Amino acid sequence: MNRNVLVTGATVGIGKEIAQLFAEDGSSLVLVARNKSKLEAIAKEWRNKYEIKVEPIALDLSKPGSAKVLFQALAKKKLHVDVLVNNAGFGANGEFAKNEFTVESDMVHLNVVALTELSHLLLPGMKKSSAKVKGILNVASTAAFQAGPYMSNYYATKAYVLSLSEGLHYELKSQGVHVSCLCPGATRTEFFDRAGMQENNLLNNEFLLASPKSVAEFGYKAFEKNKAIAIPGFLNSLLAQSARITPRFIIRMITAKMNKG
Ligand SMILES: NC(=O)c1ccc[n+]([C@@H]2O[C@H](COP(=O)([O-])OP(=O)(O)OC[C@H]3O[C@@H](n4cnc5c(N)ncnc54)[C@H](OP(=O)(O)O)[C@@H]3O)[C@@H](O)[C@H]2O)c1
């Protein structure tokens with residue numbers, strides 16, 4: 001497919017799997033993450049394997065102004081973007097008041113500000129693009145559907161991503177620009193290590209952990225069809241829906257217990 005796709009958080013996990021699906025359909029890629037050597041290794045491998053253009057850009061998107069820096073780097077390289085995959089994100093386990101504020105603030109910048117700013121900067125170009133399928137695939141979480149004590153800020157960032165995505169989906173539908181929000185449940189990636197959740201009981205339950213590849217495939221297909229919300233897995237979907245009818249104090253109690261592990 002003749003289109004340019006930018007994926008944030010493309011070195012490992014869900015983002016790498018999503019990027020690979022676009023590589024397989026023949027899209028050109030811009031891959032963004034902090035780890036330069038990992039990005040370059042992936043770019044080299046996929047250029048050979050898929051005979052596509054792959055541009056690695058190493059950048060810390062949790063820093064204020066980073067979305068603009070990325071936008072300027074794209075302009076300098078004369079790269080336009082037909083599809084933006086806002087995937088990079090992280091969580092931090094523990095009591096909000098006891099966690100380092102720099103970590104919580106970086107999280108808001110990465111999960112919320114960079115995602116929002118990149119979307120705003122790239123949408124005008126997308127609207128003009130002649131690509132058959134163009135738009136934004138945002139990666140939120142099932143955390144978006146409820147509050148999450150002991151990961152409160154993370155859950156709040158994902159609620160924002162879901163709400164923004166749904167709004168943009170509606171605004172842009174009639175203009176031929178897709179906006180989908182992928183809301184995975186627990187997935188086997190580096191996320192839990194990075195969030196300080198190595199001891200969490202959830203990780204011992206293989207049944208509850210999805211593979212990043214299956215999650216990515218679900219999100220990719222949902223984006224191609226312009227589904228507003230994509231929740232992979234029957235159980236995840238059921239839990240997300242049940243959060244709407246279960247009393248909120250019960251949801252808070254269950255989620256707190258889950259996050260404390
Ligand atoms: N795994 C789960 O259970 C789960 C469930 C629901 C939702 N999600 C969401 O899925 C998305 C992907 O998570 P994952 O599970 O695949 O996590 P992961 O394995 O930890 O991968 C995170 C990716 O984001 C990049 N990244 C992290 N911080 C960054 C920064 N400051 N600037 C630029 N890139 C950064 C990482 O690369 P570098 O370290 O090289 O920067 C990596 O490529 C996240 O938004 C997460 O919230 C995950």
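Glutamine 20 counts as partly exposed in this predicted model, because 19 C-beta neighbours sit inside 10 Å, while a residue needs 20 or more to be called buried. Glutamine 20 is part of helix H1. There is also a long-range partner to point out: glutamine 20 and alanine 216 are 196 residues apart in sequence, yet their C-alpha atoms are 9.2 Å apart in space.

Helix H1 itself covers residues 13-24, and together with strands E1 and E2 it makes a right-handed β-α-β unit. The two strands of that unit, E1 (residues 4-8) and E2, pair in the parallel sense over five bridges. To pick out one contact between them, valine 7 has leucine 31 of E2 as its bridge partner. On to the next strand: E2 is also joined to E3 (residues 54-58), again by five bridges and in parallel. Here valine 30 stands opposite glutamate 55 of E3. To get from E2 to E3, the chain passes through helix H2 (residues 36-50), and this β-α-β crossover is right-handed.

So much for two neighbours of E2; what about E1 and E4? Strand E4 (residues 83-86) runs parallel to E1, and three bridges join them. Leucine 6 has leucine 84 as its bridge partner in E4. Zooming out, seven strands form an open sheet with parallel pairing, and reading across gives the order E3-E2-E1-E4-E5-E6-E7. E3 and E7 are the edge strands, each pairing on one side only.

Back to E2 for a moment, as its surroundings deserve a look. Six of the six residues of this strand (residues 28-33) are buried, so E2 is largely enclosed by the rest of the structure. In a regular strand, side chains alternate between the two faces of the sheet. In E2, both faces are covered: Ser28, Val30 and Val32 are buried on one side, and Leu29, Leu31 and Ala33 are buried on the other.

Helix H3 (residues 66-76) tells another story about burial. Ala67, Leu70 and Leu74 are buried in this helix. Looking down the axis of H3, these buried residues fall within an arc of 60°, so they line one face of the helix. What do the buried residues of H3 pack against? They pack against E2, E3 and helix H4 (101-128). The other side of H3 has Gln72, Ala75 and Lys76, which are exposed.

Helix H4 is also home to lysine 128. Lysine 128 is exposed, because 9 other C-beta atoms lie within 10 Å, and the cut-off for exposed is 12 or fewer. Lysine 128 and glutamine 175 are 47 residues apart in sequence, but 10.0 Å apart in space from C-alpha to C-alpha.

Next comes the ligand, with 30 residues around it; among these, Gly9, Gly13, Arg34, Asn35 and Gly89 come nearest. What kinds of residues make up the shell? They divide into 13 nonpolar, 12 polar and five charged. Helices H1 and H6 (191-194) each supply at least two residues of this shell. H1 gives the most, with three residues.

Finally, a few backbone angles catch the eye. Most residues other than glycine have a negative phi. Against that background, lysine 78, just after H3, takes a positive phi of about 55°. Tyrosine 150 is not a glycine either, and its phi is positive too, near 70°. This tyrosine 150 lies in the loop between strand E5 (135-139) and helix H5 (152-173). Is tyrosine 150 buried or exposed? Tyrosine 150 is buried, because 20 other C-beta atoms lie within 10 Å.

Asparagine 226 has a positive phi as well, of about 55°, although it is not a glycine. The loop that holds asparagine 226 runs between helix H7 (212-224) and strand E7 (229-230). Asparagine 226 counts as partly exposed, because 16 C-beta neighbours lie inside 10 Å.

Definitions and conventions: Residues numbered from 1 in each chain as written. Predicted model: local features only at pLDDT ≥ 70, side-chain atom pairs only at ≥ 80, totals over all residues. Helix = DSSP H or I, 4+ residues; strand = E, 2+ residues; numbered from the N terminus. Pairing = 2+ DSSP bridges. Right-handed = clockwise from strand over helix to strand, strands pointing away. Arc of directions from axis to C-beta. Contact = placed C-beta atoms within 7 Å. Near = placed C-beta within 6 Å. Nonpolar A, V, L, I, M, F, W, Y, C, P; charged D, E, K, R; others polar.
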